[in-house]
2 protein chains.
Amino acid sequence: MSLAKPLILITNDDGINAPGIRKLIEIMRPLGRLVVVAPDKSQSGMGHAITVTSPLRVSKLTEDIDYLEYSCNGTPVDCVKLGMRVIMRQKPDLLVSGINHGSNASVNVLYSGTMAAVLEGAIESVPSIGFSLNDYSPKANFEGFEEYIKEIASEALRNGLPSGTCLNVNIPALNGTPVKGIKVVRQGAGFWEEAYEERIDPFNRHYYWITGVFKNNDNGRDTDLWALKNNYIAVVPTQIDLTSFETIHLLQNWKLNRKGKK
Amino acid sequence: MSLAKPLILITNDDGINAPGIRKLIEIMRPLGRLVVVAPDKSQSGMGHAITVTSPLRVSKLTEDIDYLEYSCNGTPVDCVKLGMRVIMRQKPDLLVSGINHGSNASVNVLYSGTMAAVLEGAIESVPSIGFSLNDYSPKANFEGFEEYIKEIASEALRNGLPSGTCLNVNIPALNGTPVKGIKVVRQGAGFWEEAYEERIDPFNRHYYWITGVFKNNDNGRDTDLWALKNNYIAVVPTQIDLTSFETIHLLQNWKLNRKGKK
């Protein structure tokens, strides 16, 4: 069956009706047989959450030639697991997630449901790519970078990815200017400086809304943050092994196992 | 104020009343001034989720000498952010999370709310440690390793940790046998092989419960999985930079930027 079109699993965290996933489906359509399994509502900010305490439901929405579309009441990671274990009963040749409404560059990879789905693919040794647009606006423009997404996805299908790795692809907000190209870069250092807005409810109880601004902590010109700022598409090869091997060596100097020594 | 006791932030994902966090509080009490901010209910499986679409509430439960305890209706990451930005209005000298009911070794670090809180500490350059017991049972025995936890926490206070890194500490289920000691190891490779149990509700609709078994994919004797299996406490230095630098080099061979070239 080497002539069969590749099998591609598509998900996101903004929900099945988000403009980002509709665009991604459109772009991926010529590349293979598509199975879309996406949350039935926005799951933004869900990180690598999985649903363990409530039942999961799946609804088939569309069945067409080389195209199946399902919604699920779970998180993006639930969608990937259900997609592989229940719906397809096999691993896809490629998993793509997005296009996320908002950047997943820098530490945002850790908060992102879009990238959690992609890391889940990497755990399963499936070549997996997350696509995110650096524009949080509901009116974000998803035009002008289609060929780049197709190029990255085609190369991932052709070359595969090393076990335990995946790609975090972030696309600059274009607003009419053309993309300059693709940069393969590292995850930049940054953090969210939250300001919690405190309010008082009608029952005189305090509550808080989270707001915040992202702070770039990294002057490097080899980061995803730099690439985005300079109108390049940022591709960060991302791994599921979080071990800091440098720190393993450092810990040899710690006084551990004192109590353990008999 | 160098004579001041260190300020320690404590959280978890099993909720403020879980035996694991009560034990951790007891162990940490002699080490400093404690501020506990933990979820008001179990947030297990929430990964690095943050609460963006609903208001957050915080309740002070206990105020004592060198001891403050709050519950919060958010996730572990919300607890860390609120703890630092709203409650303490400063960074602690140490953040500890746990003791989790269940292992966070291997890829479980990616699903874990306990470790998400710890990674959040690392993003904020706070020395941060997650403690987990490899026993999911509600009757898990949290006795017999207190001195090891104290030792690891004391060394983290004394030495600090490199920026962007934290510790993922997993403790073997003891059942009466003594811990052999502490091993500093790497994150082992593994995955969850899910079996979704399909049921039909009274309205003839299908639904699924997630179940599964963890599969160890790694024969190494330098992993957290090996250490736990051999009755050692596993300490994995863990980092927030997920970049796969090896794969950056590999991607030089991909045919990218073809469309971008004018």
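**Entry 1: chain A as a whole**

I began with burial in this predicted model, and I found that 61% of the 262 residues of chain A count as buried. Next I looked up the secondary structure, and I noted seven helices and 11 strands in chain A. The radius of gyration of chain A is 20 Å, close to the 18 Å that the globule rule gives for 262 residues, so I wrote the chain down as being as compact as a globular protein of that length. For the outer dimensions I took the principal axes, along which the C-alpha atoms of chain A fill a box of roughly 65 × 55 × 45 Å.

I then turned to contacts within the chain, counting those with a separation of 6 or more, and I found that 77% of them in chain A are between residues 24 or more positions apart. The accessible surface of chain A comes to about 10900 Å², and carbon and sulfur atoms account for 50% of that area. As to charge, I listed 28 positive and 28 negative side chains in chain A, and the centres of these two sets lie 7 Å apart.

**Entry 2: the two chains**

How is chain B laid on chain A? I noted that a turn of 180° with a shift of 0.0 Å along the axis does this, at an RMSD of 0.0 Å. That is the relation of a two-fold axis. I also looked for the part of chain B nearest this axis, and the C-alpha in question is that of G47(B), at 2.7 Å. For the interface, I found that 100% of the interface residues of chain B are also interface residues in chain A, so the copies meet through the same surface.

**Entry 3: helix 1 of chain A**

I picked out helix 1 of chain A, residues 19-28, and asked how many of its 10 residues are buried. Seven of them are, and I therefore entered the helix as mostly covered, taking buried to mean under 20% relative accessible area. The buried residues of this helix are G20(A), I21(A), K23(A), L24(A), I25(A), I27(A) and M28(A); I noted that a lysine, K23(A), is one of them.

What do these buried residues pack against? I traced them to five strands and a helix of chain A, namely strand 1 (7-11), strand 2 (33-39), strand 4 (67-72), strand 5 (94-101), strand 6 (128-133) and helix 5 (146-159).

**Entry 4: backbone points to look at again**

Before going through the backbone I reminded myself that most residues other than glycine have a negative phi, and that most peptide bonds are trans. In chain A the peptide bond from G98(A) to I99(A) is cis, with omega near -10°, and I placed I99(A) in strand 5, one of the strands against which the buried residues of helix 1 pack. In chain B I found a cis peptide bond joining G98(B) and I99(B), with omega about -10°, and I99(B) lies in strand 5 (residues 94-101) of that chain.

I also looked up two residues other than glycine with a positive phi. D66(A) has phi near 55° and is found in the loop between strand 3 (58-64) and strand 4 of chain A. N231(B) has phi near 65° and sits in the loop between helix 6 (224-229) and strand 11 (232-239) of chain B.

Is each of these two buried or partly exposed? I noted that D66(A), at 27% relative accessibility, counts as partly exposed, whereas N231(B), with a relative accessible area of 18%, is buried.

Note on methods:
Residues are numbered from 1 along each chain as its sequence is written. Chains are lettered from A and ligands numbered from 1 in the order in which they are written. This is a predicted model: local features need pLDDT of at least 70, side-chain atom pairs count only at pLDDT 80 or more; totals for chains, interfaces and linings use all residues. Side-chain values use heavy atoms; hydrogens and water are left out. Helices (H or I, at least four residues) and strands (E, at least two) are DSSP runs, numbered from the N terminus. The radius of gyration is taken over C-alpha atoms; the globule rule is 2.2 Å times the number of residues to the power 0.38. Buried means under 20% relative accessible area, exposed over 50%, partly exposed in between (1.4 Å probe, protein chains only). Contact means heavy atoms within 4.5 Å. Accessible areas come from the Shrake-Rupley method with a 1.4 Å probe; for residues, only the protein chains shown count as cover. Lys and Arg count as positive and Asp and Glu as negative; His and the chain ends are not counted. The place of a charge is taken as NZ of Lys, CZ of Arg, CG of Asp or CD of Glu. Copies are superposed by least squares on the C-alpha atoms of residues with pLDDT of at least 70 in both.
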